[in-house]
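User: Hi! I'm new to this one, could you walk me through it?
Analyst: Happy to, here it is.

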Amino acid sequence: MSKILIKDAVKKYGDREVVKHINLEIKDGEFFTLLGPSGCGKTTLLRMIAGFNSIEGGDFYFGDKRINDMDPSKRNIGMVFQNYAVFPNMTVRKNIEFGLRERKVDSQTIKEETDKMLKLMQIEEHAEKKPQALSGGQQQRVALARAIIIKPDVLLMDEPLSNLDAKLRVELRETIRRIQREVGITTVYVTHDQEEAMAISDRIAVMKDGVIQQCASAREIYHKPINTFVANFIGTNNKIKAFYNAKDEKIEISKDYKLDMKLNTADDCEIILSVRPEDLIRSDKGMECKVIDHVFLGANTHFHMINPNDEEIDVLEESYLNQTETINNKVFVEIKKEKINVFTKDGSLNLVGDSYEK
Ligand SMILES: Nc1ncnc2c1ncn2[C@@H]1O[C@H](COP(=O)(O)OP(=O)(O)OP(=O)(O)O)[C@@H](O)[C@H]1O
């Protein structure tokens, strides 16, 4: 049985639908992420699960229990927000204990459970400090401990890392993932950061304008995006305009560069190739491109180029000591055909079938 089931959910502000007929099934123990640009409705949907927003349509279930009309306090959820919602006047220990005290748990159990949490979050030495003496990352560990000590059925997290600097974000997202696995708690996580979503999630729902575009594992979303919005939102993507000759089963990129490939259409049509920078390789044949810049990034080097269609493309190569390319040089670039996605001209449909290994 699914842990959270959402059927045909609608949220309206006035006449405006901001969540538009969403269906989702989240499994027990799953780390599930709602990902999308600002304003796409992720927080609104999360708040509907929590019970903080009215629901204008659809049904929400925890297990087989319909929760639409259940008070938030009865839903047994833990929440962590962007702003570390810890009580400033209480010590770290008192903050973490809070939920158990509210539930009138005996003091021996409170002590044991709180000690366990302090250890799990690696903040034992801060137990008797007030939150303001802690860094942002440590405060978020307190918030997380406080949310999960009550053993909620579902943990809801809304951009919990956005106020932290880049290094801490990476560190804490790994901690969150490890702890979620250890505790096995079903988690719904909201972020606009695609890299964070990929690093942390079992599955991701990519949202745009209140609609789920694709719901799948990070790998599937990266390698097999359903439309150009998803392809562009996740990772770096080169868009190359081309033409499909259906009779000859050829993709025509330029006069001199064609790929043999059968697409899921019987008609000649204009298409958009979607190619990751790592799936373009410098070669002695292919598209003739002009190098306009190169950026050394340690493990990799990024080459920015202009292709024969006057499109700017990015080529990612593993770095090596004597790697050089002079700006304005002409180079040939080949496409790793087995890795590309091909979309209709309007970007709405992926024309690559399942026959290609992704
Ligand atoms: N109380 C409200 N009244 C009217 N409109 C609202 C209200 N809350 C949110 N909205 C609108 O609903 C849409 C979805 O907002 P929501 O906060 O869910 O987006 P989001 O994807 O979480 O974005 P962000 O990452 O910026 O928080 C937005 O267009 C927003 O302006």
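**The sheet and the ligand shell**

Analyst: Let's start with the sheet: 5 strands form an open, antiparallel sheet in the order β15-β19-β16-β17-β18. Strands (E, at least two residues) and helices (H or I, at least four) are DSSP runs numbered from the N terminus, and two strands pair if DSSP finds at least two bridges between them. This is a predicted model, where local features need pLDDT of at least 70, side-chain atom pairs count only at pLDDT 80 or more, and totals for chains, interfaces and linings use all residues. Residues are numbered from 1 along each chain as its sequence is written.

User: Which strands stand at the edges?
Analyst: β15 (280–283) and β18 (312–318) do; each has a single partner strand, so one side of each is left without a neighbour in the sheet.

User: How many bridges join β15 to β19?
Analyst: There are 4, and β19 covers residues 330–335. Leu280 stands opposite Ile335 in β19.

User: New topic: which residues in α1 are buried?
Analyst: In α1 (residues 42–50) they are Lys42, Leu45, Leu46, Met48 and Ile49. Buried means 20 or more other C-beta atoms within 10 Å of the residue's own, with C-beta atoms placed from the backbone.

User: Where do they fall around the helix?
Analyst: Within an arc of 155° seen down the axis, so they line one face of α1; the arc is that of the directions from the helix axis to the C-beta atoms.

User: What follows α1?
Analyst: Gly51, with a positive phi near 95°.

User: And which element gives the largest share of the shell around the ligand?
Analyst: α1, with 3 residues. The residues around the ligand, with a C-beta atom placed from the backbone within 6 Å of it, include Tyr13, Lys42 and His192.

Definitions and conventions
A residue is buried if 20 or more other C-beta atoms lie within 10 Å of its own, exposed if 12 or fewer, and partly exposed in between; C-beta atoms are placed from the backbone.
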